[in-house]
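Reader: I would like a close look at the sheet of this model, and at what surrounds its strands. Please set it in the context of the chain as a whole and follow the side chains that pack or pair around it.

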Amino acid sequence: MYSHVLICPKREVKRFVDLTSEETSDLWLTAQKIGKQLESYHKASSLTFAIQDGPQAGQTVPHVHIHVVPRRGGDFEKNDEIYDAMDEKEKELKEKLDLDKERKDRSFEEMSQEADEYRKLFL
């Protein structure tokens, strides 16, 4: 569907308001840095930053994280359809997996290859 990265604070907290001022600043500065590199790497022209803060906001993983999504013109017919797409993917994931029991991680090789590609962006 779309390629994106999740940015998480070092300390695991459930809600955005639970972060300290320093953690909030670090989280957004990291998202800014990662976003800049992702936009260039994916030859995108824009970025969507999204937080789903709490279950009623669509948060299915119970810890704070920012979705950083590289965007291109025409990737969605209407710009805000990105949020519907994110919600749909989250619902599919929740229906298919018990995140605590049935989640299938990618192989070490797959994760290593992706990490190697992204690492090059920050050397």
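Author: In this predicted model, buried residues account for 28% of the 123 residues in the chain. The accessible surface of the chain is about 9000 Å², and carbon and sulfur atoms contribute 49% of it. Among the contacts in the chain with a separation of 6 or more, 64% are between residues 24 or more positions apart. The chain holds three helices and three strands, and from the N terminus on its elements follow the order β-α-β-β-α-α.

The sheet itself is open and has three strands, in the order β1-β3-β2, with antiparallel pairing. Because β1 and β2 (46-50) stand at the edges and have a single partner strand each, one side of each is left without a neighbour in the sheet. From one strand to the next, the twist averages 25°. Strands of a sheet pair through backbone hydrogen bonds, in either a parallel or an antiparallel sense. Here β1 and β3 pair in the antiparallel sense over three bridges, with Val5 standing opposite Val68 in β3. On the β2 side, the antiparallel pairing with strand β3 (residues 66-71) extends over five bridges, and Thr48 has Val69 in β3 as its bridge partner.

How many of the six residues of β3 are buried? Six of the six are, so β3 is largely enclosed by the rest of the structure. In a regular strand, side chains alternate between the two faces of the sheet. Both faces of β3 are covered, since Ile66, Val68 and Pro70 on one side and His67, Val69 and Arg71 on the other are all buried.

Part of the packing around β3 can be followed from Ala31, which lies in helix α1. With a relative accessible area of 0%, Ala31 is buried. Leaving aside residues up to four places away in sequence, Ala31 touches Ile7, Phe49, Ile66 and Val68. Two of these names, Ile66 and Val68, also appear on one side of β3, together with Pro70. Ala31 and Ile7 are 24 residues apart along the chain, yet their C-alpha atoms are separated by 6.3 Å.

A further place to look is His65, in the loop between β2 and β3. His65 has a relative accessible area of 7%, and because residues under 20% count as buried, it belongs in that class. A polar atom of the His65 side chain lies 2.7 Å from the backbone oxygen of His63, and the His65 side chain also makes a polar contact with the side chain of His67, at 3.4 Å. Not counting residues up to four places away in sequence, His65 touches Leu6, Ile7, Cys8, Ala50 and Ile51. Ile7 is therefore a residue touched both by Ala31 and by His65.

Arg71, on the side of β3 that also carries His67 and Val69, leads to the charged pairs. The side chains of Arg71 and Asp75 meet in a salt bridge, with 2.7 Å from N to O. The two partners differ in exposure: Arg71 is buried at a relative accessible area of 6%, whereas Asp75 is partly exposed at 33%.

The count for the model comes to five salt bridges, and another of them joins Glu23 to Arg11, with the closest N and O atoms 2.7 Å apart. That pair links distant parts of the chain, as Glu23 is in helix α1 (residues 21-41) and Arg11 is in the loop between β1 (5-7) and α1, twelve residues apart. Glu23 is buried, with a relative accessible area of 17%, while Arg11 is partly exposed, at 38%.

Asp116 and Arg119 offer a local counterpart, their side chains meeting in a salt bridge at 2.7 Å from N to O. Because the two are three residues apart in helix α3 (residues 108-119), about one helical turn separates Asp116 from Arg119. Here Asp116 is partly exposed, with 38% relative accessibility, and Arg119 is likewise partly exposed, with a relative accessible area of 44%.

To return to the part you asked about, β3 pairs with β1 over three bridges and with β2 over five, and both of its faces are covered.

Key
Residues numbered from 1 in each chain as written. Predicted model: local features only at pLDDT ≥ 70, side-chain atom pairs only at ≥ 80, totals over all residues. Heavy atoms only, no water. Salt bridge = Lys/Arg side-chain N within 4 Å of Asp/Glu carboxyl O. Helix = DSSP H or I, 4+ residues; strand = E, 2+ residues; numbered from the N terminus. Buried < 20%, exposed > 50% of the residue type's maximum accessible area, 1.4 Å probe, protein only. Pairing = 2+ DSSP bridges. Axes fitted to C-alpha atoms, helices over the stretch in contact; angles between N-to-C directions. Polar contact = N/O pair within 3.5 Å; in protein donor to acceptor, adjacent residues only side chain to side chain. Contact = heavy atoms within 4.5 Å. Areas by Shrake-Rupley, 256 points an atom, 1.4 Å probe, with all protein chains shown as cover.
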